[in-house]
Amino acid sequence: PTPYTRASARPAGWQWRIPLQHRTGNGYVYSSAHISDDEAAATLLGHLDGVPMGEPRLLRFTTGVRRQAWNRNVVALGLAGGFLEPLESTSIYMIQSGIARLLNLLPRRDFSPLLIERYNAQSRFEYEHIRDFLILHYHATERDDTPFWNQCRTMSIPPQLADNIRLFRDSGRFFRDGEEMFATPSWVQVMLGQRIAPQSYHPLVDQMPDAELAGFMASVSHVVASCVEVMPAHQAFIDRCCTAPAMVA
Ligand SMILES: Cc1cc2nc3c(=O)[nH]c(=O)nc-3n(C[C@H](O)[C@H](O)[C@H](O)COP(=O)(O)OP(=O)(O)OC[C@H]3O[C@@H](n4cnc5c(N)ncnc54)[C@H](O)[C@@H]3O)c2cc1C
């Protein structure tokens with residue numbers, strides 16, 4: 001079985017393909033301003049590996065976040081607080097981080113406004129940085145074959161994100177902002193994957209002789225290869241450790 005989830009661009013959004021043991025989950029996240037529900041269902045059904053097990057189910061969502069995640073004695077967690085979109089699967093993480101934040105800032109009976117303000121500021125910080133990371137996936141597209149992708153490519157984006165893209169394109173640098181969720185490897189991987197190629201690089205890189213660099217890369221490659229050597233194949237791992245109950249004969 002395929003040991004990873006695949007996200008593929010489609011004319012008005014993207015499709016996920018998540019292989020499970022007993023079925024493969026598929027969904028099409030699309031902009032209803034750009035295609036009809038029927039077209040979306042047809043696109044989804046046209047890109048399945050096997051026979052559909054049921055009719056597509058339609059879920060609508062409004063993206064956004066509450067102005068105040070914590071208001072008086074009510075704290076909105078999970079979908080009650082906001083939703084961005086499923087591309088980077090951040091929703092459950094944000095439920096957990098909201099709980100952690102609430103524990104850190106748990107009030108006494110006086111509900112100090114300072115705690116509430118800090119909670120709301122940290123929530124907003126988290127949402128906005130994840131929002132920027134998601135926008136990067138769409139905005140950095142090279143696709144120009146549909147109105148949806150043209151809109152994504154040419155739309156205005158938050159200034160902080162525009163600065164990060166400019167800096168990376170200039171000289172391959174990226175700086176994670178404090179405790180934002182996605183770390184440098186995630187940002188760099190999406191930028192390079194979307195062909196935002198740095199035009200230059202850090203001058204200290206030239207201090208490392210090519211032979212030393214080649215040796216370092218060879219040692220990384222060796223570590224990876226020796227780990228792979230002793231690891232079971234995906235199916236063997238499932239058989240040994242986590243066969244789904246329904247799959248047991
Ligand atoms: C197909 C799919 C795939 C997903 N994949 C991922 C993923 O890979 N990673 C990830 O992080 N997230 C994923 N999500 C999102 C994630 O599942 C949700 O964001 C998360 O479950 C939301 O949890 P919640 O408790 O906030 O809301 P819910 O799970 O919606 O819980 C709200 C509960 O409140 C109840 N309720 C509603 N109104 C009332 C009322 N008036 N009175 C009493 N009860 C009420 C509802 O019945 C429900 O039980 C996925 C979602 C879908 C649909």
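This is a short walk through the fold, the cores, the surface patch and the salt bridges of one chain.

Okay, before anything else: what we have here is a predicted model, so keep that in mind while you look at it. Let's begin with the overall layout. The chain has 249 residues, and 29% of them count as buried. In terms of secondary structure, we get 8 helices and 7 strands. If you put a box around the C-alpha atoms along the principal axes, that box comes out at roughly 60 × 55 × 45 Å. And for the surface people, the chain exposes about 16,900 Å², with carbon and sulfur atoms supplying 57% of that.

On contacts: take the ones between residues at least 6 apart in sequence, and 55% of those join residues at least 24 apart.

Now, domains. The assignment splits the chain into domain 1, residues 1-60, domain 2, residues 64-193, and domain 3, residues 211-247. From domain 2 to domain 3, the C-alpha centres are 32 Å apart.

Next, the inside. The largest nonpolar core has 32 residues, and the ones with the most contacts inside it are Leu136, Tyr138, Leu161, Trp187, Met191 and Ile196. Who contributes to this core? At least two residues each come from β3 (24-30), α1 (37-45), α3 (113-139), α4 (147-154), α5 (159-171) and α6 (184-193). Helix α3 gives the largest share, 7 residues. And where does this core sit relative to the domains? Domain 1 and domain 2 both give residues to it, so the core lies between them.

Let me zoom in on Met191. If you ignore its neighbours within four places in sequence, Met191 is in contact with Leu136, Asn164, Ile165, Phe168, Phe174 and Ile196. Apart from the big core there's another one, with 5 residues, including Ala69, Leu105, Ile116 and Tyr119.

Okay, outside now. There's a nonpolar surface patch of about 610 Å², made by Met208, Leu213, Phe216, Met217, Val220, Val224 and Val228. Look at Val228 for a second: it sits in helix α7, residues 210-230. Is Val228 buried or exposed? Its relative accessibility is 54%, so Val228 counts as exposed.

Last topic, charges. Side chains of opposite charge can pair when their charged atoms come close. Searching the whole structure turns up 8 salt bridges, and I'll show you three.

One is Glu142 with Arg195, where the closest N and O atoms are 2.6 Å apart. Glu142 is in the loop between α3 and α4, while Arg195 is in the loop between α6 and α7, so this pair ties together parts that are 53 residues apart in sequence. As for accessibility, Glu142 is partly exposed at 47%, and Arg195 is exposed at 60%.

Another is Asp145 with Arg143, with 2.8 Å between the closest N and O atoms. Arg143 has a relative accessibility of 25%, so it counts as partly exposed.

And then there's Asp163 with Arg166, at 2.4 Å from N to O. Both of these are in helix α5, 3 residues apart, which is about one turn of the helix. Asp163 is partly exposed at 38%, whereas Arg166 is at 53% and counts as exposed.

That's my tour. Happy to rotate the view if anyone wants another look.

Conventions: Residues are numbered from 1 along each chain as its sequence is written. This is a predicted model: local features need pLDDT of at least 70, side-chain atom pairs count only at pLDDT 80 or more; totals for chains, interfaces and linings use all residues. Side-chain values use heavy atoms; hydrogens and water are left out. Domain bounds come from an automatic or database domain assignment. A nonpolar core is a set of buried Ala, Val, Leu, Ile, Met, Phe, Trp, Tyr and Cys residues joined through side-chain atoms within 4.5 Å. Buried means under 20% relative accessible area, exposed over 50%, partly exposed in between (1.4 Å probe, protein chains only). Helices (H or I, at least four residues) and strands (E, at least two) are DSSP runs, numbered from the N terminus. Contact means heavy atoms within 4.5 Å. Patches are made of residues with over 30% relative accessible area and no salt bridge: like charges are joined within 9 Å, nonpolar side chains (Val, Leu, Ile, Met, Phe, Trp, Tyr) within 5 Å. Accessible areas come from the Shrake-Rupley method with a 1.4 Å probe; for residues, only the protein chains shown count as cover. A salt bridge is a side-chain nitrogen of Lys or Arg within 4 Å of a carboxyl oxygen of Asp or Glu.
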